[in-house]
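Visitor: I am new to reading protein structures. Could you take me through one, feature by feature?

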Amino acid sequence: MTSFALPRGLDRPRIADALQRYGVYAAVLALLVFNGVFTDHFLTTDNLRTQLVQVAPVVIVALGMALVIGTEGVDLSVGSTMALSGALLPLYLGYGLLPALLVALLAGVVVGLVNGSLVSLVGLQPIVATLALFVGGRGLALVIADGQLKQIENTDLLSLGTDSVLGIPVVVLIAGVLAAMVAGLVQRTTFGRQLVAVGGNRKAAALAGLPVRRVLIGVYVICGVLAALAGVLATARLTASDPSSLGNLMELSAITAVVVGGTPLTGGSVRVLGTVFGALLMQLLHATLVTHDLHDSTAQMVQAGIILVAVYVARERRAR
Amino acid sequence: MAPPQASAAQSAPPGPDGPQDPAAPPAPVLEAVGVSKRFPGVVALDDVSFTLRAGEIHALVGENGAGKSTLIKILTGVHRPDEGELRLGGEAVSFHRPHEAQQAGISTIYQEVNLVPLMSVARNIFLGREPKTRLGLVDFRRMHRETAELLGGFGITTDPRRPLHTLGIGTQQMVALARAVSVRARVVVMDEPTSSLEPREVETLFRVIGELHGRGISLVYVSHRMDELYRICDRVTVLRDGRLVHTGDLRDTDRVRLVSMMLGRELARVRKEAAEGHDDGRTPAAEPVLTATGLSRRHLLDGVALDLRPGEVLGLGGLLGSGRTETAKALAGALPLDGGDIEVGGRRLRRISSAAAIRAGISLLPEDRKAEGIIPGLSVRENIVLAALPRLSRFGFVSRRRQDRVVDIFVKRLRIKAASPEQKVGELSGGNQQKVLLARWLCLEPRVLLLDEPTRGIDVGAKAEVQTLIEELAAEGLAVLLISSELEELVEGADRIVVLRAGTVAGELTGGDVTEGALLTVLAETAPDAVPPQGGPEADAAPEPGAADVPDEAAAPGAGDVPEPPDAAAAPELRKEEDPR
Amino acid sequence: MKSLAETAPPALAGPPPPLAVTEQPRPGGRQRAAELLQRQGVLAVLALLCVVSSFVFDSFATLDNARGITIQASFLSIVALGMTLVIVTGGIDLSVGSVFALGGVVAAWASQYGFLPALLVPLAVCGAIGAVNGLLVAKAGMAPFIVTLASLLGARGLLLALTHEGAKTYLVPRGSAFQKLGGGAVWGFGYPVLIALALFCLGGLLLQRTSFGQGLFAVGGSGDAALLMGLPVARTKVLVYTLSGLLAGFAGALNAARLSSGVTIIGVGMELDAISAVVIGGTLLVGGAGSVSGTLWGVLLLGVIQNLINQIGSLNSSYQSVVSGGFLIVVVVAQRYLSASRRGT
């Protein structure tokens, strides 16, 4: 039924293409320039550092989400996974930071395995498959934590949230390193290239003998681990484990960052840098609106508008 | 071209209960006049005229890309013609949506039954025009009653409340027909209705068609099964490459001529070339590298067996829907089988999967390049190395250097024309996309290469290059299976041709018999499993016109007598297989 | 209704054909069991749970408890009703939680102008949001998931904007007719419960007994076939999302009437509860099959589980989401295999 497409001018898809590809960088730049001119104390190291620290967990989760979306999937359970890892963390901190961290990340692996198996082996739609853990994951986290907010006393963990190296907060460093690693994974590894191929044309990938199931499970596991790590870092920064609110609506922020960053929902391409900038854009936008006395409400409506534009643009490009 | 006097003498009833054709041709019901349709990059229909007369069953034939489906879509309101017009009952009409065509009395039965599987039989038949009670609610009682009556009229007894998907495909088709008829159709268009039916279901369908015919409904019947066409159709229209090739009474057109018109080969030329023969001097090894036996899959394949030797090009012939593509897919592990064995190099493939077949050295160049081959968003380089990624990697990291080396070799050898290896494959021409796919498989160093329509949709230059490449690869010792619906390509490219019909091997041409004439004759023969026991109206269609219309046919060297032995041998075997059912 | 197939006379003249196709009378036992399980599984589980609970907990099988459960479930059930219709068409509406909250706030604000505005204004606003969702899905061809995700944010933003960033809470005038709509009761069963029941009856009729309902199944079952059969696919989609918005807004308004105020922080995650209830109720998430009654049982099942966890007392209330998450996995996996076994014939 592709032939239903109406004839269009040649330019529109090209503009849409450019918009999808570079729009997010231009928008971030425009916001920075706008704030540099109109907002006092915006382009200061302190403020920028704050913005980066705030955006870091979103970036980490969004990196995993970008991989999942690259395979034509979506993972709704990331927020719950954050809560789960945040809830597990204080239970094992007595053994030291490393064991606790490992347990928290293991939770992410398990979540990913469940999601990935439901998608690749059972053949469920990704939305449905990850919905169950979205609902159940946070409940489990609350059960584990007994619904309590727990103060974190472990100094090693707390330092993760507060320390800086060469003036750059550790959280931001970690997010940066992870972004580089994910970019490397996508561009340089067999797994990464297979992932993109599976997302681009699953039938062709299967006919070319690619291990489609293994790739899909792997992608959801990576996404789960990244979300778990984000949960640990967010907990460290909050200085408390709060499974009832940790990671709330994170799936939305992450999907927004990925979509705004130019990764198509139809799979076959993963834009790592775009995703990072997508998260940055939403963060800066929020900060800008708030400093200009526009409220959360406006920020949310603007966010909604941006998502719609991003998806519409991607659709336009596809309709070529 | 055909001598018209031959028809009048031996005119038989066209359909089972159809009325005789009166002397003067009846008025046209539906006409397409000078219709053209272009899609980006292709002219799907070029100035085609088509006339459906009242009460006739009109066969529409042509190979892939001939424009049949486009014409059907124009007749049924899915597409609108760029030029030309549609006339219904003599008046110009223009349909904007399929629904409008339906309301005008043109119903379509698609190849894939186009109903809603989860809904009940009755709901499907009355969808969008449900009978209402006084309260405006759907009157299920009446709906079920009328459904039962409607289907009963076709001799089908089934619970109208049953979900459609629990019925057999044949019955689903009847439901689609019942829906078409119950909207008071004047014209019913059937697009390959028998492609997934059991022989018994085909009989029922034909009876229903006869029923419709008896009511004066005109039918357009698209099928590749010659037997069916000759059994039920009155007239035929042949399309090729978007153009009208022939329209006329089916009785005046014998099978060989019909097939040659579909495939675009002039009989006279075929005969001349056949006399010359050809020899390319390759000597295939004696031991087959691949042996397949008993490949079976419901509705698709029925005990296909073949072997492939290193250094030979085996052609796989057959009309559309004969199981060519399915055989190739089965060999490549991409089609789950109900039964059958595949041996490569003497070792049986235990688990049949794409990955296992690839490991065993079998590579398939799929027919549908876009849907099953290329990954359009990835670069030329990445598409080439896709299957070989693990071999070109170290510890999971892809080695760019090794990739570039491989890509460089194949881009040069296959003369892939791309701005750079980093250009997206989606932006290349069809020929170059095909070469990229060939490169993907060649860099795995396969032992067996299965090529499904390797030159379809690519330009002449690239086509010649691909054909030369196939020769070279075979000369280097690769075993190649070549599928093509172009007779010329098949005959010139292949050392040996296995011909499929209805999912079984119908014949094999070897040595000097590999000629277009011989191939045409095998292709046009009656499929043994479709012959009704008592010999129906088609009995006169098969052998006699061959004698009447083309008297010198038998004299042509290699054309008349060669294919007989394989088919005669195959026929009893096939009948044997039919019996247990 | 008895089967009419055998009694139907052949409508057309001519001798009865010798080769009549008579389908095997009914699908095999396993298939039937599968179908039955899909259709009535929730109801069985719900009934079993209620019976067992009434023996275990003294306070379970009381009228008061039943009143409590039903009034709790009534709001979610209305939202889930709209969700059922959307999911039957193969779509999804993630915005209902926000729209629910928005409906409540708008209703509370409008209640100062009287009963009718308190009902109609939220319906207009929420219906409009639903219509926008529908237009973007049907006309612009965007994925329902992402469109309604955006309107989830947008509606929440609108709500915050209306309430001065959540700082202002509109109150429903005491003793007004609108307040009674939420607070009144018949035999102790709140009006919202009765309204929800009435809506489910209407919804059932709409889905099963009208052309529109048949169209919903067709669009969800096979969009291409529906289009070829001449159904107004785009219009159906727009209408169904509008309906979902209307129902979510109406549920919000009722809730505001019951609480006597437009609470801003409710409705977060409600879309997922609604989806869970719909799926547990046996509606296929891929569309094309489902029932309104199943959704009702699904909502009640979730409500009963919540109630039981409260009854046990020592249990953390978050067990509820663990249980419903587990349920969800079991149900969707079972659905997947059931439909595979049903189609794989």
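Visitor: In chain C, what share of the contacts with a separation of 6 or more comes from residues 24 or more positions apart?

Guide: Look at how far apart along the chain two touching residues sit. This is a predicted model. In chain C, 77% of the contacts with a separation of 6 or more join residues 24 or more positions apart.

Visitor: How many helices and strands are there in chain C?

Guide: Chain C has 13 helices and 3 strands. Now add burial. Chain C has 345 residues, and 54% of them count as buried.

Visitor: Is helix α11 of chain C mostly covered or mostly open?

Guide: To judge a helix, count its buried residues. A residue is buried if 20 or more other C-beta atoms lie within 10 Å of its own. Helix α11 of chain C spans residues 270–280, and 11 of its 11 residues are buried. Among them are C:M270, C:L272 and C:I275. C:E271 and C:D273 are buried too.

Visitor: What comes just after α11(C)?

Guide: Check the backbone angles there. C:G282 takes a positive phi of about 95 degrees, just after α11(C).

Visitor: Let us turn to chain B. Why is strand β22 of chain B described as largely enclosed?

Guide: Count again. Strand β22 of chain B covers residues 496–501, and 5 of its 6 residues are buried, so the rest of the structure largely encloses it.

Visitor: Which strands pair with β22(B), and in what sense?

Guide: Take the partners in turn. Strand β14 of chain B, residues 313–317, runs parallel to β22(B), with 4 bridges joining them. Strand β23 of chain B, residues 504–510, pairs with β22(B) in the antiparallel sense over 6 bridges.

Visitor: Which residues face B:V499?

Guide: Follow the bridges. B:G317 has B:V499 as its bridge partner in β22(B). In β23(B), B:G507 stands opposite B:V499.

Visitor: How many residues lie between the strands in the hairpin of β22(B) and β23(B)?

Guide: The hairpin has 2 residues between its strands. B:A502 takes a positive phi near 50 degrees there.

Visitor: How many residues do chain A and chain C each bring to their contact?

Guide: Count both sides. Chain A brings 36 residues and chain C brings 37. On the chain A side, α5 (126–145), α11 (250–260) and α13 (296–318) are the elements giving two or more residues. α5(A) gives the most, with 14 residues. By type, the chain A side divides into 21 nonpolar, 11 polar and 4 charged residues.

Methods. Residues are numbered from 1 along each chain as its sequence is written. Chains are lettered from A and ligands numbered from 1 in the order in which they are written. This is a predicted model: local features need pLDDT of at least 70, side-chain atom pairs count only at pLDDT 80 or more; totals for chains, interfaces and linings use all residues. A residue is buried if 20 or more other C-beta atoms lie within 10 Å of its own, exposed if 12 or fewer, and partly exposed in between; C-beta atoms are placed from the backbone. Two residues are in contact if their C-beta atoms, placed from the backbone, lie within 7 Å. Ala, Val, Leu, Ile, Met, Phe, Trp, Tyr, Cys and Pro count as nonpolar, Asp, Glu, Lys and Arg as charged, and the others, Gly among them, as polar. Two strands pair if DSSP finds at least two bridges between them.
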